[in-house]
Amino acid sequence: PVKARGGDDIAFFQPGMLATTQRELELEQALADALDGGDIQVVYQPQWDLASGRMVGMEALARWEHPERGAISPAEFVPLAERSGLINRLGDSVLEQVLTQLREWEAAGYAIPPMGVAVNISPRQFAALDWEAGIHERLRRFGVAGDRLKLEVTESLLMENLATAADKLARLRAEGICFALDDFGTGYSSLAYLQELPLDYVKIDRSFVQRIGDGDAGEGIIEAVLAMASHLGLDVIAEGVETEAQADFLRSRNCDAGQGFLWARPLPPAEVAALLP
Ligand code: C2E
Ligand code: MG
Ligand code: MG
Ligand code: MG
């Protein structure tokens, strides 16, 4: 490179950046096409009550099978959708698929588990001016009760004015929708913040669950989260549970629910329906 970074910290264009931009643009176009073509599908990962072993809910997760590249991880395409503004279309597509599915399951006589179906909402979606109205409108259009729906939000909600965010949550909660704080512990949450927001659940991030048994601070963090959640009247869902030892630890600490490969991977609708009562 001619000069990577000058003393004044001016970034110069480099060959690698062109490749990145090119791939990003291609992928962005492909994602737009996938949304047009209905190629973004939803899978459902069950959530289990740790005491009774009953399925209590499930999380809807987006899947994209690219015609040439094969499966592309949401860890790649969700941030891309956020950067490019496609996140609103992606979010609408996922929500509409979930509401369609809920309506079908109910019509077929399946009992929807008490915690309902969780849909992930990214910060830019949440901040969009018409997002909240879109939720109210779709619940009515699809004829699904709000209490079948759970929305998973992240701490980056803080990017929005806290009072505005809290008001939005409160209005949606009045429709019966409940809220989970996802990836807890990985961001900037403070107790004060948690107290300000009308939440129902906290999800312990997989990175902490993985550290169970390590004998380091990981277990202490989980115990602290459980104590704090119980104090605030929030239920706790642990994610990424892969071993019996992790499940035993969580159960012994009275964690409410778990989700992870130990019990089930994210499943296509027909397979998850087979688990419903
Ligand atoms: P998340 O919301 O924290 O979802 C949990 C992730 O952990 C999922 O990854 C799930 O497949 C994975 N997981 C669950 N149990 C286990 C386990 O036992 N072991 C391991 N190794 N992984 C486990 P996935 O489906 O790849 O999604 C990644 C992230 O992409 C999600 O993290 C979420 O932030 C985002 N995402 C996925 N679908 C959507 C969507 O429809 N909308 C938005 N806004 N974000 C989405
Ligand atoms: Mg989630
Ligand atoms: Mg999570
Ligand atoms: Mg995560």
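The magnesium ion (ligand 3) and the magnesium ion (ligand 2) lie 4.0 Å apart in this predicted model, and D182 coordinates both of them. On the protein side, the magnesium ion (ligand 3) has as its donors D182 (OD), D183 (OD), E239 (OE) and E239 (OE), at distances of 1.9 to 2.7 Å. Read along the sequence, these donor residues follow the spacing D-D-x55-E.

The protein donors of the magnesium ion (ligand 2) are E59 (OE), N120 (OD1), E152 (OE) and D182 (OD), which lie 2.0 to 2.2 Å from the ion. In sequence, the donor residues of the magnesium ion (ligand 2) are spaced E-x60-N-x31-E-x29-D. Within this set, N120 in strand β4 (residues 117-120) and D182 in strand β6 (residues 178-184) form a pair that links distant parts of the chain, the two residues being 62 residues apart.

The residues around the two ions can also be described by their accessibility, which is computed with the protein chains alone as cover. D182 counts as buried because its relative accessibility is 6%, which is under the 20% limit. D183, by contrast, has a relative accessible area of 24% and is therefore partly exposed, and N120, with a relative accessible area of 30%, is likewise partly exposed.

The backbone of D183 deserves a separate remark. This residue lies in strand β6, and its phi is near 55°, a positive value in a residue other than glycine. As background, most residues other than glycine have a negative phi. N254 is another residue that is not a glycine and yet has a positive phi, in this case of about 60°. N254 is found in the loop between α10 (244-252) and β9 (257-259), and with a relative accessibility of 63% it counts as exposed.

Turning from the metal ions to another part of the chain, one can follow L31, which is found in helix α1 (residues 15-37). L31 has a relative accessible area of 0%, so it is buried. When neighbours within four places in sequence are left aside, L31 is in contact with I40, W64, F77, L80, A81 and L86. Of these contacts, W64 stands 33 residues from L31 in sequence, while the C-alpha atoms of L31 and W64 are 8.6 Å apart in space.

W64 appears again in the surroundings of G70, for G70 touches W64 and E65 once residues up to four places away in sequence are not counted. G70 has its place in strand β3 (residues 70-72), and its relative accessibility of 16% is the reason why it counts as buried. A longer distance is given by G70 and M228, which are 158 residues apart along the chain and whose C-alpha atoms are separated by 42 Å.

These local descriptions belong to a protein whose secondary structure comes to 11 helices and nine strands. The radius of gyration of the protein is 20 Å, close to the 19 Å that the globule rule gives for 277 residues, and the protein is therefore as compact as a globular protein of that length. Taken along the principal axes, the C-alpha atoms fill a box of roughly 65 × 45 × 40 Å.

Buried residues make up 46% of the 277 residues. Among the contacts in the protein with a separation of 6 or more, 69% are accounted for by residues 24 or more positions apart. The accessible surface of the protein comes to about 13600 Å², and carbon and sulfur atoms hold 52% of that surface. As for charge, the protein has 24 positive and 43 negative side chains, and the centres of these two sets lie 1 Å apart.

Technical notes:
Residues numbered from 1 in each chain as written. Chains lettered and ligands numbered in written order. Predicted model: local features only at pLDDT ≥ 70, side-chain atom pairs only at ≥ 80, totals over all residues. Heavy atoms only, no water. Helix = DSSP H or I, 4+ residues; strand = E, 2+ residues; numbered from the N terminus. Buried < 20%, exposed > 50% of the residue type's maximum accessible area, 1.4 Å probe, protein only. Contact = heavy atoms within 4.5 Å. Donors = N, O, S within 2.8 Å, 3.2 Å for Na, K, Ca; no water. Rg over C-alpha atoms; globule rule 2.2 N^0.38 Å. Areas by Shrake-Rupley, 256 points an atom, 1.4 Å probe, with all protein chains shown as cover. Lys, Arg positive; Asp, Glu negative; His and termini not counted. Charge placed at Lys NZ, Arg CZ, Asp CG, Glu CD.
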